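Biologist: I am new to this structure and would like a close look at a single part of it. Please begin with one residue and work outward from there.

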Amino acid sequence: EAAETLGALKIMVGYAETGLFRPDDTILRSEFAKVAVAALGLGDVAEASNYPTRFPDVVSNHWANGYINVASNQGLVIGDDVGTFRPDDTITYAEAMTILVRVIGHEPSAISKGAYPSGYLVVGAENDLSKNANAGANDPASRGLVAQMTFNALTAKMMEQTGFGENPVYTVVDKTLLKNKLKTDKLTGQVVATSQTKLNGAGSLKKGEVQIGDEIYQTGDLDATNMLGYNVVFYTQENQYGDNEVILIRPEAAKNVALTISADNFESISDLASKKLVSYWKDKETDRRASEADVDLDAKLIYNGKSETMDNALVNLKDKAGMVNLLDTNRDGKYDLVFVTEYKNIVVDEVLPTTGKITDKYGAATIVLDPDDADLSYTIEKGTQKLALADLKEWDVLSIAE
C-alpha cells in the first residue's frame, strides 16, 4: 500500500526502465531529498531551483540539485560536519527518520528529547513513523523501509509554531501532509458502479467514472472496473477541471472476504432453503471431499463484467474455462457478490489491424475489435503488460471474456 500510494502521489515511483519498485534496494541521500521535498508538495518548486547548491560536493548539473536546494532551504537537510551533502551515499535509518520528523514539523520536540539521533527516533516512533518500519539507527535504509516511513508520515499530525518572540511555542495541529500539503483526501467506501456495469439497476457510468457510495468520481487513466463491489480505500485530488479524481483505489483488507475458484476446481452450485451452496476443490489431488462456500440467496451476479440475474447455469463453470470470485462485503459468513469470468479460447491465425478482425486457426470463432467502434471497449493483457492489437501474432492463444 505504501509503494502504491507514494507512486500515485509521485513522491516515490518505480524504475522507468522496468516498472519495478525494488523495495530491498538501498536509497541514496539525494534520492531521499526528492522524497522529502515531494512529500511536502514542493516538487514543482524543486524543478525551478536548479541554481548552485551550498554543498561543494553537489555539482550544478546533478539530477537532484533542485530537490537538495529546496530541502536545504526548508531546513530538512543541513549537511555533515564538514559541510558536504554526500548525495551518492546511502542514507541511514536515523538520517531518514530525522528528515521526516523535520518534514512534519516536529523538530523542536526532537531537539528537546536528545536531538540527533535519539530524539528524532523517539519522536518518529511517537508519531507512528516507524510503524511497520523498524531498523537499527545506522542501518542503510531500503526503498521499502523508506516507503513505509514516508507513507506513515503522510497522515501524522503536523507541528507548527503558534507563539513567537523570545520563547516560541510549537503546537501539534490538525493538519497532515496528505490533506494540507498534497491536497489529497483519503476516503473509504464501496464501489457500486463502473463504466462496465452497476450493482443496482441497469446501465453503467461513462468511461472514466466510478461510483463509490453515493458519489461519482472521475478516474482519468486509472482503471477501477475490477474494484466493483469491493469496500475500498481510495485517494482523490481535484483535477484541472475542478472534479474530484481518484488517483489510487485498492481493497480495504479488513472489510472484504474473497474466495477465487478456478474452473478446474469448480464442482457444483445448488439451492438450499436459506442459501446457495458452491462446492469446489482446494486440491483435487489430495482432498478426499470437496469444500463448500455459502452464498446469500440475494447475492448479485456479475458475469463477464455485467450485472445479470442470478442464474446457477451462468455460475457453473464445470468443464469450462474461467473462474468464480466470491466476495463477502459485510463479513456475515455468506458471500453476497458472485463474479464469473468465463473464457472462450482461440488460436490466432491472422490479425487485420485496420479492421480489428482476428481469425481462429481452427475456425471456432472470429473476433472483431474494431478500433473505430465507439461502443466497443477492450483490453488485451499478457501478465501485467497491456498489448495493442498489432502486438498479436500467429499462434498466440487468446482467452476471451466478453
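Is Arg22 buried, partly exposed or exposed, and why does it count that way?

Modeller: This is a predicted model, which should be kept in mind throughout. Arg22 has a relative accessibility of 35%, so it counts as partly exposed; the buried class ends under 20% and the exposed class begins over 50%. Arg22 sits in the loop between α1 (2–8) and α2. Leaving aside residues up to four places away in sequence, Arg22 touches Tyr15 and Arg143. The contact with Arg143 spans a long stretch of chain: Arg22 and Arg143 are 121 residues apart in sequence, while their C-alpha atoms are 7.0 Å apart in space.

The surroundings of this residue are easier to place with the whole chain in view. The protein has 402 residues, of which 44% count as buried. Its secondary structure comes to 10 helices and 19 strands. The C-alpha trace spans about 80 × 50 × 50 Å along its principal axes. Taking contacts between residues at least 6 apart in sequence, 54% join residues at least 24 apart.

The loop that holds Arg22 leads to α2, and that helix packs against another one. Helix α2 covers residues 29–39 and helix α5 covers residues 93–103; their axes are 11 Å apart and meet at an angle of about 20°. Angles under 35 degrees count as roughly parallel, and α2 and α5 are therefore roughly parallel to each other. Their crossing is right-handed. On the α2 side the contact is made by Arg29, Phe32 and Ala36, and on the α5 side by Glu95, Ala96, Ile99, Leu100 and Val103. Sorted by class, this contact has six nonpolar residues, two charged ones and no polar ones.

Helix α5 has a second partner, α7. Helix α7 runs over residues 118–126, and α5 packs with it at an angle of about 65°, with the axes 9 Å apart. This crossing is left-handed. From α5, the residues in contact are Tyr93, Ala94, Met97, Thr98, Val101 and Arg102, and they meet Tyr120, Leu121, Val123 and Gly124 of α7. Seven of the residues in this contact are nonpolar, two are polar and one is charged.

Both ends of α7 adjoin loops with a backbone feature to note. Most residues other than glycine have a negative phi, and most peptide bonds are trans. In the loop between α6 (107–112) and α7 lies Pro117, and the peptide bond from Tyr116 to Pro117 is cis, with omega near -5°. In the loop between α7 and α8 (143–154) lies Asp128. Asp128 is not a glycine, yet its phi is positive, at about 65°. Its relative accessible area is 47%, so Asp128 is partly exposed. The range given for α8 opens at residue 143, and Arg143 is the residue that Arg22 touches.

Another positive phi is found far along the chain. Trp395, also not a glycine, has a phi of about 80°. Trp395 lies in the loop between β18 (385–387) and β19 (397–400). At 51% relative accessibility, Trp395 counts as exposed.

That leaves the aromatic rings. A pair of aromatic rings is described by the distance of the centres and the angle of the planes. A search of the whole structure finds two aromatic pairs. One of them joins Phe55 and Phe85, whose ring centres are 5.3 Å apart and whose planes are at 40°, a tilted arrangement. Phe55 belongs to the loop between α3 (43–47) and α4 (65–73) and Phe85 to the loop between α4 and α5, so the pair ties together parts that are 30 residues apart in sequence. Both Phe55 and Phe85 are buried.

The other pair is formed by Tyr217 and Phe234: the centres are 5.2 Å apart and the planes are at 65°, so this pair is edge-to-face. Tyr217 lies in strand β5 (residues 215–218) and Phe234 in strand β6 (residues 231–238), so the parts tied together here are 17 residues apart in sequence. Tyr217 is buried, with a relative accessible area of 8%. Phe234 is buried too, at 1%.

To return to the starting point, Arg22 is partly exposed and touches Tyr15 and Arg143 when residues up to four places away in sequence are not counted.

Methods:
Residues are numbered from 1 along each chain as its sequence is written. This is a predicted model: local features need pLDDT of at least 70, side-chain atom pairs count only at pLDDT 80 or more; totals for chains, interfaces and linings use all residues. Side-chain values use heavy atoms; hydrogens and water are left out. Axes are lines fitted to C-alpha atoms, for helices over the stretch in contact, and angles run from 0 to 180 degrees between N-to-C directions. Helices (H or I, at least four residues) and strands (E, at least two) are DSSP runs, numbered from the N terminus. Angles under 35 degrees count as roughly parallel, over 145 as roughly antiparallel, 65 to 115 as roughly perpendicular and the rest as oblique. A crossing is left-handed if the near helix is turned anticlockwise from the far one by less than a right angle, and right-handed if clockwise. Contact means heavy atoms within 4.5 Å. Ala, Val, Leu, Ile, Met, Phe, Trp, Tyr, Cys and Pro count as nonpolar, Asp, Glu, Lys and Arg as charged, and the others, Gly among them, as polar. Rings of Phe, Tyr and Trp (its six-membered ring) pair if their centres lie within 6.5 Å; planes under 30 degrees apart count as stacked, over 60 as edge-to-face and the rest as tilted. Buried means under 20% relative accessible area, exposed over 50%, partly exposed in between (1.4 Å probe, protein chains only).
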